[in-house]
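Let's practise reading a protein model with a few short exercises. Try each task yourself before you look at the solution.

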Amino acid sequence: LAESARASGVQMLVAEVVGLQRDDNRVTGVLLKDGTEVGCDTVVLAMGAWVGTVGSEWLRTLLPARPYSLQKLHLRPKGNALGCAVNWGGINIVSRVDGLVHAGSKHDAAGFEANPTREGREWILERVNTILPGLDVEVVDSQAACAAATPGRIPILSPVEALDGVYLASTASDGFHLSAVIANMLTELLVRGKKHHFLARMRLG
């Protein structure tokens, strides 16, 4: 996606943002950690698990997103490669291009304290063995990360009333499944002025 964006003339800037610049009730830019201001008239807050905490601080209003932790395993099949993808029983089992199998994720209400646990490993392996009882695998590694939880697990794509020009985009608990769809909906809205019929359900408030 980044390579395609660059090929279309998009400028990519990797930096730490520490706040929003404003003129009265209108956003005018983002402030970087080194003191640089990047001017703009539209800002999209798409910060995953951090959008509720950081976004609320910058906007001085409560955003309905909170962090939770999730754990996954990378497995190596000892026989033939897994020839299917499974989403059942609260878990995804998906083959990767490097031959490993992604299995996860176990959701925990641990906020930003995301760490692999023995309980999480056993929970995932139990489901893999139940869904694919003939699959003999080796656990290569266990990882944990943070994601955003939203009310009713409904994604949020909405302008933020506290500051004109600011939009919130949060994928809820199925981020990598929904991110491309939400990006397309956001592009249609901001670039072409087209409102997807799901936007009413995804709006704040």
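**Exercise 1.** Decide whether Leu73 is buried or exposed.

*Solution.* Start with the relative accessible area of Leu73 in this predicted model, which is 0%. Next, recall that buried means under 20%. Leu73 is therefore buried.

**Exercise 2.** Find where Leu73 lies and which residues it touches.

*Solution.* First, locate the element: Leu73 lies in strand S5, residues 66–77. Then leave out residues up to four places away in sequence; Leu73 touches Val101, His102, Ala103, Arg121, Ile124, Leu125, Val139, Asp141 and Ser142. Finally, pick out His102: it is 29 residues from Leu73 in sequence, yet their C-alpha atoms are 6.1 Å apart in space.

**Exercise 3.** Work out how Leu190 should be classed: buried, partly exposed or exposed.

*Solution.* Begin with its place in helix H4, residues 175–192. Its relative accessible area is 36%. Since buried means under 20% and exposed means over 50%, with partly exposed in between, Leu190 is partly exposed. Now look at the surface: Leu190 joins Val44 and Val191 in a nonpolar patch of about 240 Å².

**Exercise 4.** Describe the whole protein in numbers.

*Solution.* Count the elements: there are 5 helices and 11 strands. Then turn to burial: 35% of the 205 residues are buried. For the surface, about 12,400 Å² is exposed, and carbon and sulfur atoms supply 51% of that. Last, take the charges: the protein has 20 positive and 21 negative side chains, and the centres of these two sets lie 5 Å apart.

Conventions
Residues numbered from 1 in each chain as written. Predicted model: local features only at pLDDT ≥ 70, side-chain atom pairs only at ≥ 80, totals over all residues. Heavy atoms only, no water. Helix = DSSP H or I, 4+ residues; strand = E, 2+ residues; numbered from the N terminus. Buried < 20%, exposed > 50% of the residue type's maximum accessible area, 1.4 Å probe, protein only. Areas by Shrake-Rupley, 256 points an atom, 1.4 Å probe, with all protein chains shown as cover. Lys, Arg positive; Asp, Glu negative; His and termini not counted. Charge placed at Lys NZ, Arg CZ, Asp CG, Glu CD. Patch = residues over 30% accessible without salt bridge, like charges linked within 9 Å, V, L, I, M, F, W, Y side chains within 5 Å. Salt bridge = Lys/Arg side-chain N within 4 Å of Asp/Glu carboxyl O. Contact = heavy atoms within 4.5 Å.
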